[in-house]
Amino acid sequence: MIPALHAGAQFSDSVHYYVKYASTGSVNRTQDGSSYLLNNYLSFKVSKQKMVLNADAGYIYGKQNSALTNSDFSASLNFNLYQGDNRRFYYWGLTSYLKSVSLKVNDQFQGGLGAAYNIVSQPGALLNLSNGILYEKNDLLLKDTIPDVYHTFRNSFRMYYKFTISKIIVLEGAHYYQQSLRYLDDHILKSTNSLSIKLRSWLAITAALNYNKINRTERENLFMNYGLTMEKYF
């Protein structure tokens with residue numbers, strides 16, 4: 001999921017709100033079989049001068065020839081805490097939950113703290129790096145059938161970018177590398193990229209590429225889809 005950050009935003013001490021909903025999907029049916037995939041994502045953000053609170057959730061459902069391929073639910077709640085008027089550097093906190101058929105994750109909880117810095121912070125351009133430590137509790141399936149219940153601490157590194165061209169074209173992405181501090185062969189990769197073309201101030205056509213890999217389960221998924229994105233500031 002892409003964090004609800006916005007380049008060059010300036011906030012007074014009043015409260016600002018932002019909501020975003022995206023829905024994409026595909027259906028394919030031939031004489032040899034059928035497949036379909038539905039992807040829904042909802043994000044909500046509350047911003048003040050010294051603090052930003054983000055909440056988001058997503059659900060992906062898919063079948064191929066009547067066999068379930070995706071029933072993937074994810075949700076997260078995180079905050080950014082700023083020092084004074086300097087919005088380049090901030091502290092963050094995160095809790096998240098994942099349940100995924102495609103990645104063989106029965107339950108996964110993450111929670112932790114870290115710091116981030118905006119290397120580029122201009123109207124229309126944002127480049128951000130962050131790092132922190134997460135506690136993670138897992139209930140996984142190895143080799144599709146072997147239960148694996150354990151907990152670990154991870155170092156979580158993220159690169160996030162957002163570029164806006166002529167207030168119409170928006171290129172946005174977030175890339176994560178999360179290495180276990182306990183197991184060398186246990187790491188998680190997440191990558192999200194999207195390109196949106198605004199039709200209205202609140203409506204855009206969006207194409208997105210999402211990749212996830214959990215090394216411990218030896219599972220990965222890749223989604224490339226397009227659809228409509230609706231967003232509103234108030």
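Let's start with one residue, N210. Setting aside residues up to four places away in sequence, N210 touches S191, T192, N221, L222 and F223. Keep in mind that this is a predicted model.

Where does N210 sit? N210 lies in strand β11, which covers residues 203–214. Is N210 buried or exposed? Its relative accessibility is 14%. The cut-off for buried is under 20%. So N210 counts as buried.

Now pick one neighbour from that contact list: T192. The side chains of N210 and T192 are joined by a polar contact. Its length is 3.2 Å.

Next, the strands around this spot. Take β10 and β11. They pair in the antiparallel sense, over eleven bridges. Look for S194 on your screen. S194 stands opposite A208 in β11. How many residues lie between β10 and β11? There are four, and the two strands form a hairpin.

Move to the pair β9 and β10. Strand β9 runs over residues 169–180, and strand β10 over residues 187–198. This pair is antiparallel too, with eleven bridges. Which residue in β10 is the bridge partner of A174? It is T192. We met T192 a moment ago, in the polar contact with N210. So much for the bridges. β9 and β10 also form a hairpin, with six residues between them.

Let's zoom out to the whole chain. How many helices and strands does the protein have? Zero helices, and twelve strands. Read along the sequence, the pattern is β-β-β-β-β-β-β-β-β-β-β-β.

What about overall size? The C-alpha atoms fill a box of roughly 55 × 45 × 25 Å, taken along the principal axes. The radius of gyration is 18 Å. Why does that agree with a compact globule? Because a compact globule of 234 residues would have a radius of gyration near 17 Å.

Now the inside and the outside. Buried residues make up 40% of the 234 residues. N210 counts as buried, as we saw. The accessible surface of the protein comes to about 12,900 Å². Of that surface, 62% belongs to carbon and sulfur atoms.

One last number, on contacts. Take the contacts in the protein with a separation of 6 or more. Residues 24 or more positions apart account for 51% of them.

To recap. N210 is in β11, and its side chain has a polar contact with the side chain of T192. β11 pairs with β10, and β10 pairs with β9. Thanks, that's my part.

Methods. Residues numbered from 1 in each chain as written. Predicted model: local features only at pLDDT ≥ 70, side-chain atom pairs only at ≥ 80, totals over all residues. Heavy atoms only, no water. Buried < 20%, exposed > 50% of the residue type's maximum accessible area, 1.4 Å probe, protein only. Polar contact = N/O pair within 3.5 Å; in protein donor to acceptor, adjacent residues only side chain to side chain. Contact = heavy atoms within 4.5 Å. Pairing = 2+ DSSP bridges. Rg over C-alpha atoms; globule rule 2.2 N^0.38 Å. Areas by Shrake-Rupley, 256 points an atom, 1.4 Å probe, with all protein chains shown as cover.
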